[in-house]
Amino acid sequence: MEVRKKMDEGQTVDFVSAVIPELNLRLRKVELKRDYKNIVNVIAQFAEDVIYAKDWRRFEWVMQVVAYVHDRGTSELQLVINGLLPTTFSRFKKACNTIEWNYLEARLPLSLQHLILLTGNKYNEKKNRAESCSYGNN
């Protein structure tokens, strides 16, 4: 079995810049070097801009890239993506109507759909626990 080397920060920037040329200049800034959170935020902001432009195919492509980077990235990069995913997708959802969001969500790569489902379930569990605790205090 072949062990695949995980993409580090530099390789992530190189890959994303190559497949999404519009991000090349933004990702090449010095302050983004070695900072996964800022790299992921730049990609997420671009994806949100694409949603506002109603360019669904471009959004699908960006999400394919995010899924690939998540799957091939280091555990640190995966943690950053997992941590930013709920906030990012709630912003995406607000940027379009329900029909558009259902269309986009159905076309997300399976790995991202799985992550959304997991984070959504964790969020709902925390919310339900908080609500049950507040009802118990009354």
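The legends below describe an overview and three close-up views of a predicted model of one protein chain.

**Figure 1. The whole protein chain, which holds seven helices and zero strands.** Read from the N terminus on, the elements of this predicted chain follow the order α-α-α-α-α-α-α. Of the 138 residues in the protein chain, 37% are buried. The surface that the chain exposes comes to about 8,800 Å², and carbon and sulfur atoms supply 55% of that area. When contacts in the chain with a separation of 6 or more are considered, 64% of them are made by residues that lie 24 or more positions apart.

**Figure 2. Close-up of helix α1 and helix α4, whose axes come within 11 Å.** Two packed helices are described by the angle between their axes and by the distance between the axes. Here helix α1 covers residues 9-19 and helix α4 covers residues 56-72, and their axes cross at roughly 160°. Because angles over 145 degrees count as roughly antiparallel, this crossing makes α1 roughly antiparallel to α4. The crossing in which α1 passes α4 is right-handed. On the α1 side, the residues that take part in the contact are Thr12, Phe15, Val16 and Val19, and on the α4 side they meet Trp61, Val65, Tyr68 and Val69. Sorted by class, the contact of α1 with α4 consists of seven nonpolar residues and one polar residue, with no charged residues.

**Figure 3. Close-up of Glu48, a residue in helix α3.** Is Glu48 buried or exposed in this model? Its relative accessibility is 10%, and because residues under 20% count as buried, Glu48 belongs to the buried residues. If residues up to four places away in sequence are not counted, Glu48 touches Arg91 and Phe92.

**Figure 4. Close-up of Lys54, in the loop between α3 and α4.** The helix before this loop, α3, spans residues 36-52, and the helix after the loop, α4, spans residues 56-72. What is the phi of Lys54? The phi value lies near 60°, which is a positive value in a residue other than glycine. Lys54 has a relative accessibility of 42%, and since partly exposed residues fall between the limits of 20% and 50%, Lys54 counts as partly exposed. Viewed together with the preceding close-up, the loop residue Lys54 is partly exposed at 42% relative accessibility, whereas Glu48 is buried at 10%.

Technical notes. Residues numbered from 1 in each chain as written. Predicted model: local features only at pLDDT ≥ 70, side-chain atom pairs only at ≥ 80, totals over all residues. Heavy atoms only, no water. Axes fitted to C-alpha atoms, helices over the stretch in contact; angles between N-to-C directions. Helix = DSSP H or I, 4+ residues; strand = E, 2+ residues; numbered from the N terminus. Parallel < 35°, antiparallel > 145°, perpendicular 65-115°, else oblique. Left-handed = near helix turned anticlockwise from the far one by under 90°. Contact = heavy atoms within 4.5 Å. Nonpolar A, V, L, I, M, F, W, Y, C, P; charged D, E, K, R; others polar. Buried < 20%, exposed > 50% of the residue type's maximum accessible area, 1.4 Å probe, protein only. Areas by Shrake-Rupley, 256 points an atom, 1.4 Å probe, with all protein chains shown as cover.
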